[in-house]
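Colleague: I would like to go through this model with you, one question at a time. Please give the reasoning before each result.

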Amino acid sequence: MSSPQVKSPSQNTGSSLLPEDYLYYLDYLPDLQKCINLFMTFTPLFSYGSTCISIYKRQTSLGFSIDICGTMFMASILRIFYYLCQPYEITLLRQSIVMIIIQFFLLRISLRYRPHNYDPELLTPLPRWDQEFEMNLPRRLSASNYIVEHKNYTSLGLLNRLVMQLNDGVCVSWSYFKTAFKQVLRLFDVYYKRPGLFWQWLDQSSYWMFLGGFTTGFAMLTLMFHNNVTYANTIGILGLFIESLLPIPQILMLNRIQSVENFKIILLLSWLGGDCTKISYLLYGTNDVSIIFIAAGLFQMSLDVYIAFQYLSLKYGDSWFKQQIMGMETNPNRKSVDDIVDNLVLNAASNPHGMYPRSSNGEQEEEYEMSVFDSECKSRSARGSP
């Protein structure tokens, strides 16, 4: 019978920098990987739980796009079905389940405290494709039904004729792309009426009916094609694509209302923090992940960074944004012509002799204001503006 092997002190310590007496207590500390996995699982609670509390306290969801709820619902559902076809890191699956739970409460609160005067029938209809396509074309091409062939090239040489036809083809292709891009982008804008009023319904039950049908439909497809690699890759890419478009509705809303009064900074910080955590986890925390997850995470993070710049610009103004972020200096002593006129009128009204009092800076500031005023008035007269 062999005696049990006893490890030497050198084998216990190894190359550890800690004293040997402290190594015993390391066994009682939680595993770092388990802590990271637990944090990743409940990240949606921190990101969107604060938004639920904020909407409930303010009793209004104005400024928050409920398209975020629909986006995360569909992306999380597709991610769960993708796991059934091709299993991946279990932490991301638990995160998707938690995301569906918190989005359920967030959608209920957002619909409950939606503005009372909301009516989707009053939204602006989408522009017609043909009209916008004609507007994007150059003027010499937009007046004919035969866009490329209406111009007479017979008087030109062969080389010039080919160059002109190629140029017209490029212009037409660019107009098609530009029109299609604008039309697709407007589908994310809450101020435009979508086909079938998708996710703009007035009745709250329509949202839950759509989510139920969406889940049931993909559940049946997954049951039939769960062994099909093409189907698994399709729903996986579709889910990541939908999730990567998450910030677009909020970007368009802030750009239209030009205000961040009802947009909480905690939501933006949670998005940025969640993106950094997710990308770090995908790069260094696990090995069982596809490159598609990383690409989608980087694209979504770029949109969140754009929202951060948009928030700073709308919150503190373009001058502060340019000075602090872009490193551009602004002249604080520069006054507009309207400010100078108001100042002159007020001084003249307060002075009984009709003379302009001198400021604390002496004659130089007064001469500067009068010269700026005269130059501005001359420039306005030259332009013919009132």
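Colleague: How many of the 19 residues of α4 are buried?

Modeller: In this predicted model, a residue counts as buried when its relative accessible area is under 20%. By that cut-off helix α4 is mostly covered, and the number of buried residues is 16.

Colleague: What separation of the end C-alpha atoms should the 19 residues of α4 give, and what does the model show?

Modeller: The expectation rests on 1.5 Å a residue, which for the 19 residues of α4 should give a span of 27 Å. The end C-alpha atoms of α4 agree with this, for they are 27 Å apart.

Colleague: Which spans does the UniProt annotation "transmembrane region" cover, and how much of residues 207-225 is helix?

Modeller: The annotation comes from an unreviewed UniProt entry and covers residues 63-84, 90-107, 207-225, 231-253 and 290-312. Over residues 63-84 the chain is 82% helix and 0% strand, with end C-alpha atoms 36 Å apart. Over residues 207-225 the end C-alpha atoms lie 27 Å apart and there is 0% strand; the helix content is 100%.

Colleague: Is Thr-215 buried or partly exposed, and how far is its C-alpha atom from that of Met-74?

Modeller: Thr-215 belongs to helix α8, residues 205-225. Its relative accessibility is 29%, so Thr-215 counts as partly exposed. Thr-215 and Met-74 are 141 residues apart along the chain, and their C-alpha atoms are separated by 8.4 Å.

Colleague: What is the volume of the second largest pocket, and which element gives the largest share of its lining?

Modeller: The second largest pocket has a volume of about 370 Å³. Its lining comprises 13 residues, and those nearest its centre are Thr-71, Met-74, Phe-188, Phe-198 and Leu-245. The elements that give two or more residues to this lining are α4 and α9. With 4 residues, the largest share comes from α4.

Colleague: How do the lining residues of the largest pocket divide by class?

Modeller: The largest pocket has a volume of about 590 Å³. It is lined by 26 residues, and the closest to its centre are Leu-62, Pro-115, Tyr-118, Val-190 and Met-253. Helix α10, residues 248-257, supplies the largest share of the lining, 3 residues. By class, the lining residues are 14 nonpolar, 8 polar and 4 charged.

Colleague: Which element supplies the largest share of the lining of the largest cavity?

Modeller: There are 4 cavities of 30 Å³ or more, and the largest has a volume of about 260 Å³. Of its 21 lining residues, Met-72, Gln-95, Met-99, Glu-243 and Lys-278 are the closest to its centre. Two or more lining residues come from each of α3, α4, α5 and α11. The largest share, 6 residues, comes from α11.

Colleague: Which element gives the largest share of the lining of the second largest cavity?

Modeller: The second largest cavity holds about 80 Å³ of space. Its lining residues include Arg-79, Glu-243, Lys-278, Phe-293 and Gln-300, and by class the lining has 5 nonpolar, 3 polar and 3 charged residues. At least two lining residues come from each of α9, α11 and α12. The largest share, 4 residues, belongs to α12.

Colleague: What span should the 26 residues of α12 have, and which residue just after α12 takes a positive phi?

Modeller: At 1.5 Å a residue, α12 (residues 291-316) should span 38 Å, and its end C-alpha atoms agree at 38 Å apart. Among the buried residues of α12 are Phe-293, Ala-296, Gly-297 and Gln-300. The positive phi just after α12, about 95°, is that of Gly-317.

Colleague: Which residue caps the N-terminal end of α9?

Modeller: Helix α9 runs over residues 229-244, and its end C-alpha atoms are 22 Å apart, in agreement with the expected span. Its buried residues include Leu-240, Glu-243 and Ser-244. At the N-terminal end, a side-chain oxygen lies 2.8 Å from the backbone nitrogen of Thr-230, and the capping residue is Asn-228.

Colleague: Is Gln-183 buried or exposed, and the backbone oxygen of which residue lies 3.1 Å from a polar atom of its side chain?

Modeller: Gln-183 is placed in helix α7, residues 158-186. Its relative accessibility is 13%, so Gln-183 counts as buried. The backbone oxygen 3.1 Å from a polar atom of the Gln-183 side chain belongs to Pro-127.

How values were computed. Residues numbered from 1 in each chain as written. Predicted model: local features only at pLDDT ≥ 70, side-chain atom pairs only at ≥ 80, totals over all residues. Heavy atoms only, no water. UniProt positions renumbered as here; feature names shortened; annotations may be inferred. Expected span 1.5 Å × (residues − 1). Buried < 20%, exposed > 50% of the residue type's maximum accessible area, 1.4 Å probe, protein only. Polar contact = N/O pair within 3.5 Å; in protein donor to acceptor, adjacent residues only side chain to side chain. 1 Å grid on protein atoms, 1.4 Å probe; cavity = no way out; pocket = protein on both sides within 12 Å on 5 of 7 lines; lining within 4 Å. Points joined across faces, edges and corners; volume = space filled by probe spheres on them. Nonpolar A, V, L, I, M, F, W, Y, C, P; charged D, E, K, R; others polar.
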